[in-house]
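User: I would like to go through this structure element by element, with the reasoning behind each answer spelled out. Please take the questions in turn.

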Amino acid sequence: MGLSSAATEAAIKQLPAAVTLSFTPYSCRLDQWISLARSGGHEVMLDLPMEPTSYPDDDPGPRALLTALSPAQNVARLKWTLDRARGYVGVATVMGSRFTTSEAALMPILEALKEQGLIFIDNRSSQESVAWRLAAKIGMPNALNDRTLVIGRAHV
């Protein structure tokens with residue numbers, strides 16, 4: 001959420017407060033959307049764009065975490081995402097079918113998130129994801145997503 005104003009506002013105002021909302025870090029109104037969602041009682045997450053197996057055909061964006069980057073480069077991209085807003089409790093993966101299967105790429109990200117006390121939600125874009133196992137290994141709060149509601153996506 002966060003790119004389409006109409007869809008984002010509708011979701012914030014019409015979905016029950018018990019629904020957690022996740023916002024793209026690429027939104028230019030991110031702080032406003034998070035503030036509005038939190039004032040409506042919603043728990044808030046940030047989307048964490050990650051490399052899919054179909055990359056570069058499917059591009060998760062200019063600050064996505066990529067397996068070809070060094071751990072320091074990916075942690076810097078994570079920091080950029082986290083610094084975009086305040087008031088969220090964690091991150092939810094976007095795409096990520098390649099990134100979440102790489103222990104070497106994922107572990108520094110999970111460790112950085114744990115240091116900040118954040119939750120990690122794996123969207124399970126790959127059945128081979130190692131996210132849950134690694135997060136459990138370091139004692140980090142995490143969850144596996146089993147339902148996703150996509151609002152405002154055009155279907156062609």
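User: Along strand S4 (residues 119-122), which side chains point to one face and are buried?

Analyst: This is a predicted model, and the answer is to be read with that in mind. In a regular strand the side chains alternate between the two faces of the sheet. Strand S4 shows this alternation, with Ile119 and Ile121 pointing to one face and not being buried. The side chains that point to the other face and are buried are those of Phe120 and Asp122.

User: How many bridges join S3 to S4, and in which sense do the strands run?

Analyst: One point of register is that Gly90 stands opposite Ile119 in S4. S3 and S4, together with H4, make a right-handed β-α-β unit. The number of bridges that join S3 to S4 is three, and the sense in which these strands run is parallel.

User: Which residue in S5 stands opposite Ile121?

Analyst: S4 pairs with strand S5 (residues 142-144) over three bridges, in the parallel sense. Between these two strands the chain passes from S4 through H5 to S5 in a β-α-β crossover that is right-handed. Within this pairing, the residue of S5 that stands opposite Ile121 is Ala143.

User: What is the distance between the closest N and O atoms in the salt bridge of Glu103 with Arg133?

Analyst: The structure holds five salt bridges, and Glu103 with Arg133 is a pair that forms one. This pair links distant parts of the chain, since Glu103 belongs to helix H4 (residues 103-115) and Arg133 to helix H5 (residues 131-137), 30 residues apart. Glu103 is partly exposed at a relative accessible area of 34%, and Arg133 is partly exposed at 42%. The closest N and O atoms of the pair are separated by 3.2 Å.

User: Which residue does Glu43 meet in a salt bridge, and why does that partner count as partly exposed?

Analyst: The salt bridge of Glu43 has an N to O distance of 3.9 Å, and Glu43 itself counts as partly exposed at 35% relative accessibility. Its partner has a relative accessibility of 44% and therefore counts as partly exposed, given that this class lies between 20% and 50%. The partner that Glu43 meets is Arg38.

User: Which residue forms a salt bridge with Lys79?

Analyst: The closest N and O atoms in this salt bridge are 2.5 Å apart. The partner of Lys79 counts as partly exposed, at 41% relative accessibility. That partner is Asp83.

User: Is Arg86 buried or exposed, and what is its relative accessible area?

Analyst: Arg86 lies in the loop between helix H3 (71-82) and strand S3 (90-95), where its side chain reaches the backbone oxygen of Leu82 at 3.5 Å. Leaving aside residues up to four places away in sequence, Arg86 touches Asp31 and Ile34, and its C-alpha atom is separated by 8.8 Å from that of Ser35, 51 residues apart along the chain. Because exposed means over 50%, Arg86 is exposed, with a relative accessible area of 56%.

User: Which side chain is joined to that of Ser22 by a polar contact?

Analyst: Ser22 is found in strand S1 (residues 21-23). Not counting residues up to four places away in sequence, Ser22 touches Met1, Met45, Leu46, Asp47 and Ala92. The polar contact has a length of 2.5 Å, and the side chain that it joins to Ser22 is that of Asp47.

Definitions and conventions:
Residues are numbered from 1 along each chain as its sequence is written. This is a predicted model: local features need pLDDT of at least 70, side-chain atom pairs count only at pLDDT 80 or more; totals for chains, interfaces and linings use all residues. Side-chain values use heavy atoms; hydrogens and water are left out. Helices (H or I, at least four residues) and strands (E, at least two) are DSSP runs, numbered from the N terminus. A polar contact is a pair of N or O atoms within 3.5 Å; within protein, one must be able to donate a hydrogen and the other to accept it, and residues adjacent in sequence count only if both atoms are side-chain atoms. Contact means heavy atoms within 4.5 Å. Buried means under 20% relative accessible area, exposed over 50%, partly exposed in between (1.4 Å probe, protein chains only). A salt bridge is a side-chain nitrogen of Lys or Arg within 4 Å of a carboxyl oxygen of Asp or Glu. Two strands pair if DSSP finds at least two bridges between them. A crossover is right-handed if, with the strands pointing away from the viewer, the path from the first strand over the helix to the second runs clockwise.
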